[in-house]
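Student: I would like a close look at how charged side chains pair up here. Keep it brisk, and add a few other local sites for context.

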Amino acid sequence: MSRTPRDRTDLTGKRPGKIGRAGKDAPAVEPLNIVHGALPSREVILRFIADHPQKASKRELAKAFGLKGDSRVELKHLLQELEQEGMLQKSRKSLIRPGALPPVTVLDITTRDKDGDLIGRPAEWPEDQGVAPAVAIRQQSPAGRQGKGKAPVAGLGDRILAKIFPAVDRGGPAYTARIIKVIDRRRGAAMGVFRTAPGGGGRLLPIERRGEEMVIDPDFTGGAADGDLVEIEVARLGRFGLPRAKVLSVVGSVGSEKAISMIAIHAHGIPHVFPPAVMAEAEAAKPATMSHREDWRDVPLITIDPADAKDHDDAVYAELDPSPDNPGGVIVTVAIADVSWYVRPNSPLDREALKRGNSVYFPDRVVPMLPERISNDLCSLKEGLDRPALAVRMSFSGEGRKIGHTFHRIMMKSAAKLSYQQAQAAIDGNPDEKTGPMLEPILKPLWHAYAVMKRGRDRRQPLELDMPERKILLKPDGTVDRVFVPPRLDAHKLIEEMMIQANVAAAETLEKKRQVLVYRIHDGPTLAKQEVLREFLATLGISLAKGGNVRANSFNGILAKAEGTAHQTMVNEMVLRSQSQAIYSPENIGHFGLNLMKYAHFTSPIRRYADLIVHRALVGSLGFGEGGITPDEEAALDDIAAEISTFERRAMAAERETIDRLIAHHLSTRVGEEFAGRVSGVTKSGLFITLPDYGADGFIPISTLGSDYFIYDEAHQALSGERTGLGYRLGDSVTVKLAEAIPLAGALRFEMLSEGREMPTAVRSFHKAGRRDKGQVRKKPGTRPPRGRR
């Protein structure tokens, strides 16, 4: 199973929260001096939102302060000012203080406090925001709230969905939480590699960058052998010496194939073994019937995917529009595997799919959302076989404007399975035996339709970042063979644009039917991030307009100015870092990066639960028969959106860490060698270095840069010497020596060999003025900078 490069301009991101009303379980807070009916001051609003996050929508604020009529309008303008100044930021339907937790958050219970109460931290937390805040878990009585129902009970190592409240006790964690749902129960919250010690017992080598070694006594090895990846629990923490641990289970040998990805799977708690009930349901599934279906088996739909793809969830076909009312127009048909027929709400298959949220793709394996019987067989649009699908026929004018669309539940038969390279070669004049007969009737109409659709895309101007995606090719033993950047073909772009338009059509249809759904939303960059980017661009002589109405094409203009210059790569990186990150939500705010007002993921239900929800919504609202969305699902969409957004971030982190570990292992035998690198991040603690030839990232602590006193200049994204005025800036090409490689943690440390270059005049005058800010310089490594992904 391989993932296709769909929706490249989509940006993944922060998990949303869910807005809930203030319940009786909310902790008491010191009352504010509120004058009912009078517009509150800025300070009062900020304090109220901090103390009452569950009442942080504009409607709830107006109600709390007793505002009506013109006062509500004044409140709206005041909140907009606070947003623009970076004092507040949007989180779904509410407003939160920057860095605050949303009212509903997914937590991992990681430890206990001195009184034995459980402490959790956000399951996903942006690395550029420092350490994730601690949250005290409030366990309810077994009878539940107000004695009704059964309250969920969680333990150490569990992952929970929780309602967040500000803490009353300012001496402890900043938040308390009430458990809404236990998402996943995990015994071991810590992992490492067991190494035997003379005389019995052993030591645990950490797999986390900030982990520490632990001692394992002979009685607590759990049968682990040298080199085994193990799950442990901390048995004792003392004031002196190393902590002591107990082995709970042996995962497998780190010397085996696929061991590196298994570290990430277990570290992030990714479900990877299907329960017997799920496998039984999948094996018992029968091919779909023709009930409520149109017969489209004569339509020559084809699949275009990576050469190694095992599942095929989308097929395409295009033709000229015969209507005289649409001269020069085209009709594009996109057919998507009908997963909703096989995976019914609240079935074992459905519950497991929601638990996983999405398929996870590692260089050496795939952890699928659905069993292979469903994903690679019954739902895969295989060549020459009858397969159920949901199809959308979209009409585009000659200028590329979509003028209409219709959805259909069909039975289809794929006319051909092609790879991107195979289809592109045929269009470029090198057809093979398979693509030759298809060139005129199928492939050329597809490329013509894409040329028409591209006119609409060019007019829409989505964000066009130039960030090459590196791929890792492995040897049979699971180690790295080479790292390369695959070419970006028109075949990729064709499929991408057709999938985007199908997603738009799904959102539009469901809105028209007044059907609740899960949108794919992407907010614009915050005012604070815009200001950081603006200051940086000013150092390059590039301007970014102020204000809250920045659009995607504003950034495209910046990228165009940097194209072909020495600053092109770092400008792309800085624009990427300025962006918010896309999430799933039942509340629509549009998609900033794609420059679309209505957008919902529809085209990959085999590997994304969000798409399955959209399929069910279409089936139900359009009267397509069995497998539609249920009232219970509709009522739970807030929680579902929060969970699958978190699981997406979980998958991204696991995939990234696995690549880091593979590359670190690949380079571990080359310590002491010199490499060509590029400064990919600048922090108060030092420089992050990327090796373009390997896709590897490492760190140079500021304390090792030299004898000069280095000062961090955020505006220029630079570290420069106070005495010499020489330093290093984001995007600089440098030569480094690999000083240390820690494969298990995926960490590389470099030493700088290149002399610093003369910094811009503004930086040097800054130094000469002798203005040192205490927070500007640190002498120890910091955290990794945020790494976005499209």
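Tutor: The salt bridges come first, followed by a helix, a strand residue and two loop residues.

This is a predicted model, in which local features need pLDDT of at least 70 and side-chain atom pairs count only at pLDDT 80 or more, while totals for chains, interfaces and linings use all residues. Residues are numbered from 1 along each chain as its sequence is written, and side-chain values use heavy atoms, with hydrogens and water left out.

Start with the principle. Side chains of opposite charge can pair when their charged atoms come close. A salt bridge here is a side-chain nitrogen of Lys or Arg within 4 Å of a carboxyl oxygen of Asp or Glu. The structure holds 36 of them.

Take Glu213 and Arg203. Their closest N and O atoms are 3.2 Å apart. Arg203 sits in strand β9 (202-206), and Glu213 in the loop between β9 and β10 (214-216), so this salt bridge ties together parts that are ten residues apart in sequence. Helices (H or I, at least four residues) and strands (E, at least two) are DSSP runs, numbered from the N terminus. How covered is the pair? Use relative accessible area: buried is under 20%, exposed is over 50%, and partly exposed is in between (1.4 Å probe, protein chains only). Glu213 is partly exposed at 30%. Arg203 is partly exposed too, at 40%.

Next, Glu352 and Arg356. This salt bridge has its closest N and O atoms 2.9 Å apart. Both residues belong to helix α6 (residues 348-356), four residues apart, or about one turn of the helix. An α-helix has 3.6 residues a turn, so residues three or four places apart point the same way. Here both Glu352 and Arg356 are buried.

Now Lys737 and Glu751. Their side chains meet at 3.5 Å, N to O. Lys737 is in strand β32 (residues 733-742) and Glu751 in strand β33 (residues 747-752), so the bridge ties together parts that are 14 residues apart in sequence. Lys737 is partly exposed, with a relative accessible area of 28%. Glu751 is partly exposed, at 31%.

Salt bridges also form a network. It links Arg457, Arg460, Glu464, Arg488, Glu496 and Glu497.

Now the helix. In α13 (residues 568-578), eight of the eleven residues are buried, which leaves this helix mostly covered. Among the buried ones are Met570, Val571, Asn572 and Glu573. Their cover includes α11 (527-538), α12 (552-562) and β26 (674-683).

The strand residue is Ala318, in β15 (residues 314-320). Ala318 is buried, with a relative accessible area of 1%. Setting aside neighbours within four places in sequence, Ala318 is in contact (heavy atoms within 4.5 Å) with Ile331, Val332, Pro445, Leu446 and Ala449. Ser395 is 77 residues away from Ala318 along the chain, and their C-alpha atoms are separated by 9.9 Å.

Last, two backbone angles. Arg514 is not a glycine, yet has a positive phi of about 55°. Arg514 lies in the loop between α10 (490-512) and β24 (519-521), and is exposed at 79%. Asn595, also not a glycine, has a positive phi near 55°. Asn595 lies in the loop between β25 (583-585) and α14 (609-621). Its relative accessible area is 21%, which makes Asn595 partly exposed.
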